[in-house]
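Work through the exercises below with the sequence and the model open beside you, and try each task before you read its solution.

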Amino acid sequence: MSPRLPSVGTWREGSPLQRFSPEKWSRQQPTYRDADPGLIEATLRWSQQRPSGNWYAVAASTAIRRDRPFGARVGDREIVVWRDDARNLHAGPGACPHLGACLTTAQVDNNALICRWHGLRVSAGGNNPRWRPYPSFDDGVLAWVRLDSLGAETPTDAPIIGPRPADSTVHAVTRLVGVCEPRDIIANRLDPWHGSWFHPYSFARLDVVRTPPREGITEDNHSFLVDVTFRVTPRLGVPVRAEFSCPDPRTIMMRIVDGEGTGSVVETHATPIGVDSEGRAHTAVVEATIASSERPGFRHMHRLLPVVRPILDRAAIRLWRDDITYAERRYMLRTDRR
């Protein structure tokens with residue numbers, strides 16, 4: 001049986017919205033004593049030892065279209081991703097093996113790309129010894145590429161993804177870039193105590209009810225459990241209990257385990273991009289919000305996706321504009337860049 005959430009007052013019978021009395025921001029209970037830097041670092045170290053199978057989240061699945069290639073950088077590697085006539089995903093190096101033209105501008109011809117510079121055809125079948133395709137994976141929400149030379153781990157056939165709702169149709173994907181490393185992104189989310197202080201427009205009444213131990217962290221005890229109210233208006237919110245866990249070293253997952261939307265997840269993937277001319281690391285945050293609900297009316301959300309997705313996207317962008325600042329500050333302090 002799931003634990004009961006603390007009541008914050010019923011708004012209307014059957015409504016997920018609950019009324020609460022908002023505290024003045026400066027009068028909140030301070031959380032700095034609980035936000036133990038040693039615990040955050042210990043959990044981060046444990047997460048960085050998890051296997052990844054050499055998979056990297058590139059973009060939303062819907063961003064990879066049939067009519068043109070999609071270009072990205074992963075770990076200083078230029079890659080190109082596209083779909084064939086059957087909408088299967090393909091990926092490979094982003095430079096033409098002839099004279100280095102950008103294949104993002106190539107013409108898609110089923111499972112091959114035709115370079116616009118001189119018409120060289122490079123195929124996902126790997127028929128050119130100087131251009132070898134990369135393994136790719138489409139999970140219906142995100143597009144992934146496997147780079148074994150970058151990850152240098154034992155490869156897996158598919159990305160290591162945590163549990164998702166059975167129906168992942170209602171989802172939105174946000175992508176932002178920060179001057180930091182992937183572990184700075186993960187460290188941000190391994191500090192749940194900053195939520196109602198740093199994001200008061202989104203979170204209220206946040207209480208961390210379970211943490212990992214500082215020593216002896218394992219698969220069974222590494223997650224955080226948080227009671228929090230998601231603000232909808234200044235006095236109305238949705239109280240939930242959420243679990244934060246790390247399925248791989250570049251991913252942290254928030255999953256609602258009790259309350260409205262139980263089973264819904266927010267997957268935050270940190271994909272290294274490379275370093276700039278000043279030697280500073282850049283990382284892309286690829287965040288997927290996948291919503292679920294047992295309410296009968298939720299089935300109508302599928303028809304409302306064109307409206308719902310921009311709303312979810314705007315909420316995620318607002319949060320990550322703040323959290324990118326957190327991650328960049330952490331990176332600067334760690335690398336002594338001022």
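In these exercises, a residue is called buried at under 20% relative accessible area, exposed at over 50%, and partly exposed in between, with a 1.4 Å probe and protein chains only. The model is predicted, so local features need pLDDT of at least 70 and side-chain atom pairs count only at pLDDT 80 or more, while totals for chains, interfaces and linings use all residues. Residues are numbered from 1 along each chain as its sequence is written, and side-chain values use heavy atoms, with hydrogens and water left out.

**Exercise 1. Determine how many disulfides the structure holds, and why cysteine 96 is not bonded to cysteine 115.**

Solution. Begin with the criterion, which is that a disulfide is a pair of cysteine sulfur atoms within 2.5 Å. A search of the whole structure finds 0 such pairs. Next, take cysteine 96, whose closest cysteine sulfur belongs to cysteine 115 at 3.8 Å, and this is too far for a bond. Finally, look at accessibility: cysteine 96 is buried, at a relative accessible area of 6%, and cysteine 115 is buried at 6% relative accessibility.

**Exercise 2. Describe where aspartate 67 lies and which side chain it contacts.**

Solution. First locate the residue: aspartate 67 is in the loop between E2 and strand E3 (70-74), where strands are DSSP runs (E, at least two residues) and helices are DSSP runs (H or I, at least four), numbered from the N terminus. Then consider its surroundings, for aspartate 67 is partly exposed, with a relative accessible area of 44%. Its side chain makes a polar contact of 2.6 Å with that of arginine 65; such a contact is a pair of N or O atoms within 3.5 Å, where within protein one must be able to donate a hydrogen and the other to accept it, and residues adjacent in sequence count only if both atoms are side-chain atoms. Lastly, aspartate 109 is 42 residues away from aspartate 67 in sequence, yet their C-alpha atoms are 9.1 Å apart.

**Exercise 3. Work out the order of the strands in the open sheet that contains E10.**

Solution. Two strands pair if DSSP finds at least two bridges between them. With that rule, 3 strands form an open sheet in the order E2-E10-E9, with antiparallel pairing. At the edges stand strand E2 (55-60) and strand E9 (136-138), each pairing on one side only. To check one pair, note that 3 bridges join E9 to strand E10 (residues 142-146), and that aspartate 138 stands opposite alanine 143 in E10.
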